[in-house]
Amino acid sequence: MGGGGHVAFNPRSLEEVERIIILRINTEEMQIEKLLDATVEEARSLMSPERAGKQSISLSRLAKTTKPRSELKAVREVMFASCLVRELENGSIEVERDDGQGMQAVSPVQPVLRELARQLHLPLVNGNGNPHNTRQLGSLVIKSLSESSHI
């Protein structure tokens, strides 16, 4: 899901609430992202004026446009076709590509992983015919390269 959409609230029932937590399920990375964890007062500052008996918070105000560089440790990494593919301890996959001026982080990583998988003749879909998500495909690329002489 992109950064669009909103979460609506009934302002008359907010006095019964202590905290507002807004979560997003990121199916690409197979993780739950916490977009907001705030008191009602803090959340109200993000809400639009009341309209039709509702106030809302736009998800674009909560979603971070750039992810900070992860402080998680890499558990596996391989280099192939000017790309460094790294699996972090939480299972996330990062890709850096040499653009001729040094290694640059790639985002989103899924298209690069698909291209690497094609070059390595790896399947883009699982046994059920569904496309691999980023973690699955990244893990498959890393495993293939680790077990072969492509390194």
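# Exercises on a four-stranded sheet and its helices

Strand β6 (residues 83-88) and strand β7 (residues 93-98) run antiparallel and are joined by five bridges. The exercises below concern a predicted model, and they begin with this pair of strands.

**Exercise 1.** Work out how the chain passes from β6 to β7 and then from β7 to β8.

*Solution.* Start with the pairing of β6 and β7, in which Glu-87 has Ile-93 of β7 as its bridge partner. The two strands form a hairpin with four residues between them, and Gly-91 in that turn has a positive phi of about 95°. Next, take strand β8 (residues 103-105), which runs antiparallel to β7 and is joined to it by three bridges. Here Asp-98 has Met-103 of β8 as its bridge partner. β7 and β8 again make a hairpin with four residues between them, and in this turn Gly-100 has a positive phi of about 95°.

**Exercise 2.** Determine the order of the strands in the sheet, and find which strands lie at its edges.

*Solution.* Four strands make up an open sheet, in which the order is β5-β6-β7-β8 and the pairing is antiparallel. The edge positions belong to β5 (74-80) and β8, since each of them pairs on one side only. On average, neighbouring strands of this sheet are turned by 25° against each other, if direction is ignored. The last step is to add the helix that packs on the sheet: this is α4 (residues 134-147), which touches β5, β6 and β7 and whose direction makes about 65° with that of β5.

**Exercise 3.** Describe how helix α3 meets helix α4, and state what kinds of residue make the contact.

*Solution.* Begin with the geometry: the axes of α3 (residues 110-119) and α4 come within 10 Å and cross at roughly 35°. The crossing in which α3 passes α4 is left-handed. Then list the residues: α3 contributes Gln-110, Leu-113, Arg-114, Leu-116 and Ala-117, while α4 contributes Thr-134, Leu-137, Gly-138 and Val-141. Sorted by kind, the residues of this contact are five nonpolar, three polar and one charged.

**Exercise 4.** Is Cys-83 buried or exposed, and which residues does Cys-83 contact?

*Solution.* First place the residue, which is found in strand β6. Its relative accessible area is 0%, and because the cut-off for a buried residue is under 20%, Cys-83 counts as buried. Leaving aside neighbours within four places in sequence, Cys-83 is in contact with Val-78, Val-95, Glu-96, Arg-97, Val-112 and Leu-116. Leu-116 also takes part in the contact of α3 with α4. As a final step, consider a distance: Cys-83 and Met-103 are 20 residues apart along the chain, and their C-alpha atoms are separated by 8.2 Å.

**Exercise 5.** Place these parts within the whole protein, and say where the confidence of the prediction is lowest and highest.

*Solution.* The protein has four helices and eight strands, and from the N terminus on the elements run β-β-β-α-β-α-β-β-β-β-α-α. Of its 151 residues, 36% are buried. Among contacts between residues at least 6 apart in sequence, 44% join residues at least 24 apart. Turning to confidence, the protein averages a pLDDT of 85, and 88% of the residues score at least 70. Confidence is lowest in helix α2 (residues 59-62), with a mean of 82, and highest in α3, at 94.

Note on methods: Residues numbered from 1 in each chain as written. Predicted model: local features only at pLDDT ≥ 70, side-chain atom pairs only at ≥ 80, totals over all residues. Heavy atoms only, no water. Pairing = 2+ DSSP bridges. Axes fitted to C-alpha atoms, helices over the stretch in contact; angles between N-to-C directions. Contact = heavy atoms within 4.5 Å. Left-handed = near helix turned anticlockwise from the far one by under 90°. Nonpolar A, V, L, I, M, F, W, Y, C, P; charged D, E, K, R; others polar. pLDDT = per-residue confidence, 0-100. Buried < 20%, exposed > 50% of the residue type's maximum accessible area, 1.4 Å probe, protein only.
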